[in-house]
Structures are given as C-alpha cells and as structure tokens.
Amino acid sequence: MTTTQESPTAAGSGANASENFKASASSQEIADTPPERVAAIVTDVLKGVHDAIAKHDVSYPEFQAAKAWLMAVGEGGEWPLFMDVFVEHAVEAQVAASQQGTKGSILGPYFLPDQVRLGSTCKLPRRDDEKGTPLVLSGQVRDLDGTPLGGAEVDIWHADADGYYSGFAPHVPDGNLRGVVVTDDEGRFAIETVQPAPYQIPTDGPTGQLIGAAGWHPWRPAHLHIQVRAEGHRPITTQLYFAGGEWLDSDVAEATKPELIIDPQDDGTGIRRSTYDFVLESA
Ligand code: DHB
Ligand code: FE
C-alpha cells in the first residue's frame, strides 16, 4: 500500500476527525442539560425540519435519500466535519456575544492537543522541503487593561501550502505546522511558518456529496488556527485570514470576521510579515 503521496480521502480525514473528537477534551465537556431545555431545543430543531418538509413538499424518495445520507455521514466518520462547517459558527456567535477582547472563530475538527512547546521567537515544525511562501506572524498577548501576558500559550495549527493538515492527511508528518508558542516576559511572540492554502472539504465523502448536490462550493479561505491561553484568563479560540484571499467572502463554514484579516507584506527578502495582538479577558 502506498500512502506517502496520497491526498486525504474523505473516508481518511473524516474518520480521523471522528476518532480525534472522541479522544478530545471537548467531547468530555458534553453538557448535562436538564430535560426541559433538551425538550425546548429539540422541539424547535424538529419544528424547523417539519416546516421545511411542508414548505418544500418533500417526497418519500427525498426522505429516504436524507436517511441514507445521514447514515453515510456517520459511517464515514464525517459528523465532526459536517458540524464544524455548517453549525459551529452559530454556537461560536453565541459565545462571542459575551466575550471581550480578540474576536473568536470556530475551532474546527483539526485541533490536536499537546503539540511541541516553542520559545517566543520560533519556527513551526516543518518538512525539509516544505512548500509555501515564508510567513512570520508576530505580536503581543495582553490583558483587557493592556497588561502584557508573559508565559501565555499561543497554540497555532494550520494547513500546508496544499491545504492539508498534519494528523489528518496521511502524507503529512505528525506535528507538521503545529506548535504551542510561549510568549516572553512582555507577552511577545514571533512565529515563522509558511503561507497556508485554502482548505477544501473532501469532495468524495457524504459532506462533499451534499455540497455538490446543492451546487455549493467546498472551500474555506486560507487561515491560521490560533488558541491563546493564559493563566487567570478566558482562552480565546480564533482564526486569522489573509486580505485578498480567495473564498474570504464565501467561506463554506461562515467563520470569517473582518477583525480577523491580516495583510502580510513582503519585507523585501521574500518573507511575508504581519503583526497581530491578542487581547484576553480575565477569567
Ligand atoms: C473544517 C475544516 C477546517 O479547516 C476548519 O477550519 C473548519 C472546518 C471541516 O472540514 O469541517
Ligand atoms: Fe481549518
């Protein structure tokens, strides 16, 4: 079996995303919701479904197609992908309404905990022949009142220049383009990496099939995932996007925000540089 240069299939990355979710801290956070609230939420979700069936006069063959598709999403391990693309942004918007400081965005299915810890000025782990334009993101982590947060963790992960994530695409080595960067005494960091490419939802699985059947596109604009954590502060999970990037205005996951767009400039040596400061609320 040759796996070295294979692109991730939906079955590969989807099933991986399911395994990762099951093993993750977020799956341990499952809410202990009282019955009245479960009933209220589920009643409204089902009402939305029933209303759509009536509005569009849904037929039995369409109902059976929906059941077959739901089964395929589960069998392909794609529920984390589907939920994070089509639903997470609405949950994130609810959280964002009560959070001050840097704007958040969705976590997505590709976060992995416990990545290599790096000093405040660092290079993310990468292959010797890593493709892509060099990119340096530097900045400062501060409190809402402007106090620098030394020893804060800037956990960063992103796709490579072909749009693939380590830990999920079989041909990318574990830990590639991932790291936990620890800020210096002034809360500063400078991270050297490469420019990621836009990300495409695998088109060969049920989520991709749905997107095709609906005539939508499967793309997210290029982005850096970042989670910033500091003791005594509420962590922020966010993403940074690139000015002028393709799909910025039509992200399939609806997770872009104008405050999260950076515009790295070539410093004359072929390296693109940008600064971004993160502001955390006290816990
Ligand atoms: C998905 C992938 C991402 O890279 C992301 O940031 C959000 C969602 C997904 O395939 O579900
Ligand atoms: Fe992503």
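The following exchange examines the surroundings of ligand 1 and several individual residues in a predicted model.

User: Which conventions apply to the model?

Analyst: The model is predicted, so local features need pLDDT of at least 70 and side-chain atom pairs count only at pLDDT 80 or more, while totals for chains, interfaces and linings use all residues. Residues are numbered from 1 along each chain as its sequence is written, chains are lettered from A and ligands numbered from 1 in the order in which they are written, and side-chain values use heavy atoms, with hydrogens and water left out.

User: What makes a residue part of the surroundings of ligand 1, and which residues are these?

Analyst: A residue is near a molecule if one of its heavy atoms lies within 4 Å of it. The residues surrounding ligand 1 are L81, V85, I106, G108, P109, Y110, Y165, Y199, R220, H223, H225 and Q239. Helices (H or I, at least four residues) and strands (E, at least two) are DSSP runs, numbered from the N terminus; α5 (79-86) and β9 (223-229) each supply at least two residues of this shell.

User: How do the shell residues divide by polarity?

Analyst: Seven are nonpolar, four polar and one charged. Here Ala, Val, Leu, Ile, Met, Phe, Trp, Tyr, Cys and Pro count as nonpolar, Asp, Glu, Lys and Arg as charged, and the others, Gly among them, as polar.

User: What makes the approach of R220 to ligand 1 a polar contact?

Analyst: A polar contact is a pair of N or O atoms within 3.5 Å. An oxygen atom of ligand 1 is 2.6 Å from an N or O atom in the side chain of R220, so the pair meets that limit. An oxygen atom of the ligand is also 2.9 Å from an N or O atom in the side chain of Y165, and one is 2.8 Å from a polar backbone atom of L81. Taken alone, ligand 1 exposes 290 Å², of which the protein buries 100%; accessible areas come from the Shrake-Rupley method with a 1.4 Å probe.

User: Where does ligand 1 sit?

Analyst: Ligand 1 sits in the largest cavity.

User: Why is L280 called buried?

Analyst: Buried means under 20% relative accessible area, exposed over 50%, and partly exposed in between (1.4 Å probe, protein chains only). L280 has 0% relative accessibility and therefore counts as buried. L280 belongs to strand β14 (residues 278-280), and its C-alpha is 5.9 Å from that of L144, although the two are 136 residues apart in sequence.

User: Why is G268 called exposed?

Analyst: The relative accessible area of G268 is 69%, so the residue falls in the exposed class. G268 is found in the loop between β12 (265-266) and β13 (272-275). Its C-alpha atom is separated by 34 Å from that of G108, 160 residues apart along the chain.

User: Why is P148 called partly exposed?

Analyst: With a relative accessible area of 37%, P148 lies between the two limits and is therefore partly exposed. P148 is in the loop between β3 (134-143) and β4 (153-158).

User: What makes the backbone of W247 and of E254 notable?

Analyst: Most residues other than glycine have a negative phi. W247, not a glycine, has a positive phi of about 75°, and E254, also not a glycine, has a positive phi of about 50°. W247 lies in the loop between β10 (236-242) and β11 (261-262), and E254 is likewise found in the loop between β10 and β11. W247 is partly exposed at 23%, whereas E254 is exposed at 55%.

Note on methods:
A polar contact is a pair of N or O atoms within 3.5 Å; within protein, one must be able to donate a hydrogen and the other to accept it, and residues adjacent in sequence count only if both atoms are side-chain atoms. On a 1 Å grid over the protein atoms alone, a cavity is a set of points where a 1.4 Å probe fits but cannot get out, and a pocket is an open set with protein on both sides within 12 Å along at least five of seven lines; lining residues have an atom within 4 Å of a point. A molecule sits in a cavity or pocket if more than half of its atoms lie within 2 Å of its grid points.
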